[in-house]
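Colleague: I should be grateful for some guidance on how to read a structure that is new to me. May we look at it together?

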Amino acid sequence: MSRVFNFSAGPAALPEPVLKRAREELLDYRGTGMSVMEMSHRSAAFIDIAARAEADLRELLGVPDNYRVLFLQGGASQQFSAIPLNLASAEQTVAYVNTGSWSKKAIAEGKRLARVTVAASSESTGFDHVPPQAEWGVPADAAYVHVTPNETIGGVSYDFIPDTGDIPLVADYSSSILSRPLDISRFGVIYAGAQKNIGPAGLTLVIVRDDLLGRARPGTPTMLDWSVHAEADSMHNTPPTFAWYLAGLVFEWLREQGGLEAMEAINRQKAATLYDAIEASNFYRSPVQPRNRSWMNVPFTLADPELDKTFLSEADAAGLTNLKGHRSVGGMRASLYNAVSQQAVDALVAFMQDFESRHG
Ligand SMILES: *Cc1c(COP(=O)(O)O)cnc(C)c1O
């Protein structure tokens, strides 16, 4: 068996010990004689898996008691619709900060369902930074403020948690949740698709402050109403059982690594290794302003885009995969989620330096 260094933006690398554990338990989950995939979500064994996953996540993130954690389907994209339906009427103003591709998708969906004000945008400079909060114009009557703390495609990351006073702050943490400690109490709602830094695709986490439940507008489809899922412990219908179980294994693994403080130190070092190598060369370039460079998604370009194809094929041959930048921005992108090791980043940097020496 040979596993590559996988820099995919998502679905992304999972910790190898987690995959091995899932393999061990695949046919017979702890003496039940069946796979988790074959189990009723109402069975004692699955209820236990579900409860332990939630407890571990709460412990890792320090989720306060007045927040509910929902294990849903539909991806982060479905939450783009659920957010206005749960928090605003069609006539109400809702505010969004536009920092890149995922912000734009959230805004487009918001516009279908409420009156969107773009409170700030970095589009005119090619999404190379996060507009400081002093530049935002949030209407006083906004039902919520939506942010994308880590833009997965552009590699742009907030270096602050916005202060929106009494207006609930809603954040799409799909690509940076669990990468370091986070003060959940600063947010009204946090949501994330699992396939970046949590587990396999098919699971979506929503962490919502309980005073924001029970406010869905009339006509909201049942499956998009957070309070329905909160009341049913995320089992209003069949939840994504296997993905929930796998996420639970990832949470256990994170606790074994020392929790999110330990992950912060590891992730900081991984990002520094790659950005320092980019900065030290005249061949590679980061398109993002230094203070907003993401630790999780690192886009970079080559001095000569004609070399992109060669770079990617040589990287692939060296066991370094999924480095192609998103089709909307081009160049390269290395995603350095929790399951990507320092060893993988060291191998990438060594390859980049060798490539530069031969083609630079
Ligand atoms: C991947 C991603 C999404 C979309 O997630 P889906 O689960 O595919 O809907 C939304 N926002 C961000 C920041 C992402 O990285």
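Colleague: Let us begin with the ligand. How many Å separate a polar side-chain atom of S77 from an oxygen atom of the ligand?

Modeller: Please keep in mind throughout that this is a predicted model. When reading a ligand site, one may start with the polar atoms that face the ligand. Here a polar side-chain atom of S77 and an oxygen atom of the ligand are 2.6 Å apart. In the side chain of D172, an N or O atom lies 2.5 Å from a nitrogen atom of the ligand. K196 also takes part: an N or O atom of its side chain is 2.6 Å from an oxygen atom of the ligand.

Colleague: What percentage of the ligand's accessible area does the protein cover?

Modeller: On its own the ligand has 390 Å² of accessible area, and the protein covers 88% of it.

Colleague: Which residues are around the ligand, and which helix gives the largest share of this shell?

Modeller: The residues around the ligand are G75, A76, S77, F80, W102, N150, T152, D172, S174, S175, Q195 and K196. Helix α3 (residues 75–87) gives the largest share, with four residues. By type, the shell consists of three nonpolar, seven polar and two charged residues.

Colleague: T152 belongs to that shell. Is T152 buried or exposed?

Modeller: Burial is read from the relative accessible area, for which the cut-off is 20%. T152 has a relative accessible area of 5%, and therefore it is buried. T152 is placed in the loop between β6 (150–151) and β7 (156–157). The side chain of T152 makes a polar contact of 2.7 Å with the side chain of S175, and S175 is another of the residues around the ligand. Beyond four places in sequence, T152 also touches A9, W102, N297, R333 and Y337.

Colleague: Where does H146 lie, and what does H146 touch?

Modeller: H146 is part of strand β5 (residues 145–147). Its relative accessibility is 1%, so H146 counts as buried. Leaving out residues up to four places away in sequence, H146 touches I83, A95, Y96, V97, A106, V170, D172 and Y191. D172 is thus a partner of H146 and also one of the residues around the ligand. A second way to read a position is to set separation along the chain beside separation in space. H146 and F80 are 66 residues apart along the chain, while their C-alpha atoms are separated by 9.8 Å.

Colleague: Let us turn to the interior. How many residues does the largest nonpolar core have, and which of them have the most contacts inside it?

Modeller: The largest nonpolar core has 58 residues, and those with the most contacts inside it are L61, L178, I198 and F251. Helix α6 (residues 241–257) gives the most to this core, namely ten residues. Another core, of 33 residues, lies apart from it and includes A13, I278, F311 and L336.

Colleague: What can be said of the backbone of L178 and of its contacts?

Modeller: The general idea concerns phi: most residues other than glycine have a negative phi. L178 has a positive phi, near 70°. L178 lies in the loop between β8 (169–172) and β9 (189–193), and it counts as buried because its relative accessibility is 1%. Neighbours within four places in sequence aside, its contacts include L57, L60, L61, I198, F251 and N338.

Colleague: Which other residue has a positive phi, and is it buried or partly exposed?

Modeller: R30 has a phi near 45°. R30 lies in the loop between α1 and α2 (44–61), and with a relative accessible area of 41% it is partly exposed.

Colleague: Where is there a cis peptide bond?

Modeller: Most peptide bonds are trans. The bond from G10 to P11 is cis, with omega near -10°. P11 is found in the loop between β1 (5–6) and α1 (16–24).

Colleague: Finally, which side chain does D183 join in a polar contact?

Modeller: The side chain of D183 joins that of S185 in a polar contact of 2.6 Å. D183 is in the loop between β8 and β9, and it is partly exposed, with a relative accessible area of 38%. D183 and G62 are 121 residues apart in sequence, whereas their C-alpha atoms are 7.7 Å apart in space.

Key. Residues numbered from 1 in each chain as written. Predicted model: local features only at pLDDT ≥ 70, side-chain atom pairs only at ≥ 80, totals over all residues. Heavy atoms only, no water. Core = buried A, V, L, I, M, F, W, Y, C linked by side-chain atoms within 4.5 Å. Buried < 20%, exposed > 50% of the residue type's maximum accessible area, 1.4 Å probe, protein only. Helix = DSSP H or I, 4+ residues; strand = E, 2+ residues; numbered from the N terminus. Contact = heavy atoms within 4.5 Å. Near = heavy atom within 4 Å. Polar contact = N/O pair within 3.5 Å; in protein donor to acceptor, adjacent residues only side chain to side chain. Areas by Shrake-Rupley, 256 points an atom, 1.4 Å probe, with all protein chains shown as cover. Nonpolar A, V, L, I, M, F, W, Y, C, P; charged D, E, K, R; others polar.
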